[in-house]
Amino acid sequence: MSATNRGSKRVESDFYATPLNVIDNLLSHHQLKDGIILEPSAGNGNFIRSIRNNGYINNVIANELRTEEINNLLNSGANIVTNMDYLSDEFEIPNIDNKKVETVIGNPPFSLAKEFLEVTFNRFPNAEIIMLLRLAFLESKKRYDFWKKHPVSKLYVLSERPSFTGRGTDATAYCFMVWNKSSTQEIRVI
């Protein structure tokens, strides 16, 4: 995937697995809350594997629309695996009250990142939200009102570009954006 989409084909469903070392890097700088964790676009389960590898024993819910990843998620360490459209009004975590979800974490499809975030803010208003996004997500007139409404609390800029395809990196800077209702903002290069 290139920053301008020139010369590369996008992967179906915008699925680009986050490398474990990228998630481990975040977790070495950011402590997750106790309580239920939701990964709304869990892909192959790398976020859950990293969460478990870093010693977290929280209940973790993995949701993935693509059915071909269900077996990976069942073996990732998730407590609950669902196969639903996260953006659908019918999305519901079985036997879990949304108010009990403390953290929503993941790498949403970039083409739907704003929609994923809006749904997450509405569905889980008290949760800490942590998303891997292009740094350029901060730009654009279309997102200006979004940023006024949802200022980011922490910005962890990746010092090394990740390879989502295993065939090198693209010309894009990435970061983890954290929303946690803090009155202060923090920017760190990790």
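**Close-up 1. Six rings, F110, F121, F137, F146, W147 and W179, come together as one aromatic cluster.** This view, like the others here, shows a predicted model. In the structure there are eleven aromatic pairs. Take F121 and F146: their ring centres lie 6.1 Å apart with planes at 45°, so this pair is tilted. It links distant parts of the chain, with F121 in helix α4 (residues 113–123) and F146 in helix α5 (residues 144–149), 25 residues apart. F121 has 12% relative accessibility and F146 has 2%, so both count as buried. Look also at F110, another member of the cluster: the charged end of R134 sits over the F110 ring, 4.2 Å from its centre.

**Close-up 2. F164 and Y174 meet edge-to-face.** Here the ring centres are 5.0 Å apart and the planes stand at 65°, so the pair earns that label. F164 comes from the loop between β6 (154–157) and β7 (174–179), while Y174 belongs to strand β7, so the contact ties together parts ten residues apart in sequence. With a relative accessibility of 14%, F164 counts as buried. Y174, at 5%, counts as buried too.

**Close-up 3. Helix α4 lies across β4, β5 and β7.** The helix runs at about 175° to β5. Which residues of α4 are buried? They are A113, F116, L117, V119, T120, F121 and R123. Their cover includes β4 (101–106), β5 (128–134), α5 and β7. Keep an eye on R123 as well, for it lies over the face of Y86, at 4.9 Å from the ring centre.

**Close-up 4. Eight strands make up an open sheet with mixed pairing.** Following the sheet across, you meet the strands in the order β3-β2-β1-β4-β5-β7-β6-β8. β3 (80–82) and β8 (186–189) stand at the edges with a single partner strand each, so one side of each has no neighbour in the sheet. From one strand to the next, the twist averages 15°.

**Close-up 5. Strands β6 and β8 run parallel, joined by four bridges.** Within this view, Y156 stands opposite R188 in β8.

**Close-up 6. Helix α2 (residues 46–53) packs on the sheet.** Which strands does α2 touch? Its contacts are with β1 (36–39), β2 (60–63), β4 and β7. The direction of α2 makes about 165° with that of β2. For a companion view, return to α4, the helix that lies across β4, β5 and β7.

Definitions and conventions:
Residues are numbered from 1 along each chain as its sequence is written. This is a predicted model: local features need pLDDT of at least 70, side-chain atom pairs count only at pLDDT 80 or more; totals for chains, interfaces and linings use all residues. Side-chain values use heavy atoms; hydrogens and water are left out. Rings of Phe, Tyr and Trp (its six-membered ring) pair if their centres lie within 6.5 Å; planes under 30 degrees apart count as stacked, over 60 as edge-to-face and the rest as tilted. Helices (H or I, at least four residues) and strands (E, at least two) are DSSP runs, numbered from the N terminus. Buried means under 20% relative accessible area, exposed over 50%, partly exposed in between (1.4 Å probe, protein chains only). A charge sits over a ring if NZ of Lys or CZ of Arg is within 6 Å of the ring centre and within 35 degrees of the ring normal. Contact means heavy atoms within 4.5 Å. Two strands pair if DSSP finds at least two bridges between them. Axes are lines fitted to C-alpha atoms, for helices over the stretch in contact, and angles run from 0 to 180 degrees between N-to-C directions.
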